[in-house]
Amino acid sequence: MKLVVFDCDGTLVDSQHVIVKAMDGAFAAHGLDAAPREAVLSVVGLSLDHAIARLQPDAEPGDVMRLAASYKAAFAGLRKGQEEIEPLYPGIRETLAALAADADVVLGIATGKSRRGVATILEREGLAAYFATVQTADTHPSKPNPSMLLEAMAATRVTPADAVMIGDTTFDMEMACRAGVTAIGVGWGYHDATSLIDAGAETVVQSGDLLTGVVRDALFKRGPRS
């Protein structure tokens with residue numbers, strides 16, 4: 001059996017606009033200037049408290065938690081108002097359907113997003129049945145700690161040699177390397193291809209319609225890993 005684990009924000013869905021808007025709202029609620037858009041996107045993938053701590057390095061732990069609560073409230077309000085819907089990237093639905101149809105492949109998610117946030121997306125898009133394991137920031141330390149991948153492999157009884165991690169950030173690539181899992185980067189997210197390669201990606205896919213083939217090559221056509 002083979003395991004394919006996907007990141008969510010920046011890999012499956014384009015959530016940059018709602019993330020930036022929610023972060024702007026959280027900072028404004030506490031009288032803080034908005035963080036630069038590039039800075040906000042650079043921390044997507046980390047657990048929320050870690051992301052905010054990077055954006056506000058001098059903040060006390062209690063302030064970080066209050067900012068995180070304000071971010072969650074702002075994000076929920078945007079989603080409820082349907083101002084932003086976190087659309088799937090082109091080719092993702094087709095990739096998931098093709099991989100899920102393979103009897104030798106199981107799919108998973110490992111994300112800094114909350115379980116509630118992931119569930120909302122999967123329900124909206126009708127994708128929940130595709131995933132055998134969903135690991136989130138609710139019950140794991142932040143990426144690049146390998147905890148989410150280790151639990152995903154344990155849950156599906158797949159070894160690192162038979163697993164791949166697909167993500168758009170260096171945090172995803174570093175997590176994969178720490179877990180002994182093949183790392184595949186995607187070029188449509190929030191970190192550039194050079195950074196992904198430097199962080200351990202074996203390759204970076206630039207188009208969603210190429211992803212299925214790259215994943216299958218990584219899983220079924222490579223020799224034993226050293």
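## Where α3 meets α4

Start with helix α3 (residues 48–55) and helix α4 (residues 61–80): their axes come within 9 Å and cross at roughly 115°. That angle makes α3 and α4 roughly perpendicular to each other, and their crossing is right-handed. Keep in mind that this is a predicted model.

On the α3 side, the contact is made by Leu 48, Asp 49, Ile 52 and Ala 53. Helix α4 brings Val 64, Met 65, Leu 67, Ala 68, Tyr 71 and Lys 72 to the contact. Sort the residues of this α3–α4 contact by character and you get eight nonpolar, no polar and two charged.

## α1 against α4

Helix α4 also has helix α1 (residues 16–29) to deal with. Here the axes come within 8 Å and cross at roughly 130°, so α1 counts as oblique to α4. The crossing of α1 and α4 is right-handed.

What does each helix put into this contact? From α1 come Val 18, Ile 19, Lys 21, Ala 22, Met 23, Ala 26, Phe 27 and Ala 29. They meet Leu 67, Ser 70, Tyr 71, Ala 74, Phe 75 and Leu 78 in α4. The tally for the α1–α4 contact is twelve nonpolar residues, one polar and one charged.

Leu 67 and Tyr 71 of α4 turn up twice: they are part of the contact with α3, and they are part of the contact with α1.

## The buried face of α5

Now for helix α5 (residues 92–100), whose buried residues are Ile 92, Thr 95, Leu 96 and Leu 99. Looking down the axis of α5, these buried residues fall within an arc of 95°, so they line one face of the helix.

And what do they pack against? The buried residues of α5 have three strands as partners, β1 (2–6), β2 (105–110) and β3 (131–135), along with helix α10 (208–221).

## α7 and the residue after it

Helix α7 (residues 147–156) has its own buried set: Ser 147, Met 148, Leu 149, Ala 152, Met 153 and Thr 156. These pack against β1, β2 and β3, and also against β4 (163–167) and helix α8 (170–179). Strands β1, β2 and β3 are partners of the buried residues of α5 too.

One backbone detail to look at: just after α7, Arg 157 takes a positive phi of about 60°.

Notes
Residues are numbered from 1 along each chain as its sequence is written. This is a predicted model: local features need pLDDT of at least 70, side-chain atom pairs count only at pLDDT 80 or more; totals for chains, interfaces and linings use all residues. Side-chain values use heavy atoms; hydrogens and water are left out. Buried means under 20% relative accessible area, exposed over 50%, partly exposed in between (1.4 Å probe, protein chains only). Helices (H or I, at least four residues) and strands (E, at least two) are DSSP runs, numbered from the N terminus. The arc is that of the directions from the helix axis to the C-beta atoms. Contact means heavy atoms within 4.5 Å. Axes are lines fitted to C-alpha atoms, for helices over the stretch in contact, and angles run from 0 to 180 degrees between N-to-C directions. Angles under 35 degrees count as roughly parallel, over 145 as roughly antiparallel, 65 to 115 as roughly perpendicular and the rest as oblique. A crossing is left-handed if the near helix is turned anticlockwise from the far one by less than a right angle, and right-handed if clockwise. Ala, Val, Leu, Ile, Met, Phe, Trp, Tyr, Cys and Pro count as nonpolar, Asp, Glu, Lys and Arg as charged, and the others, Gly among them, as polar.
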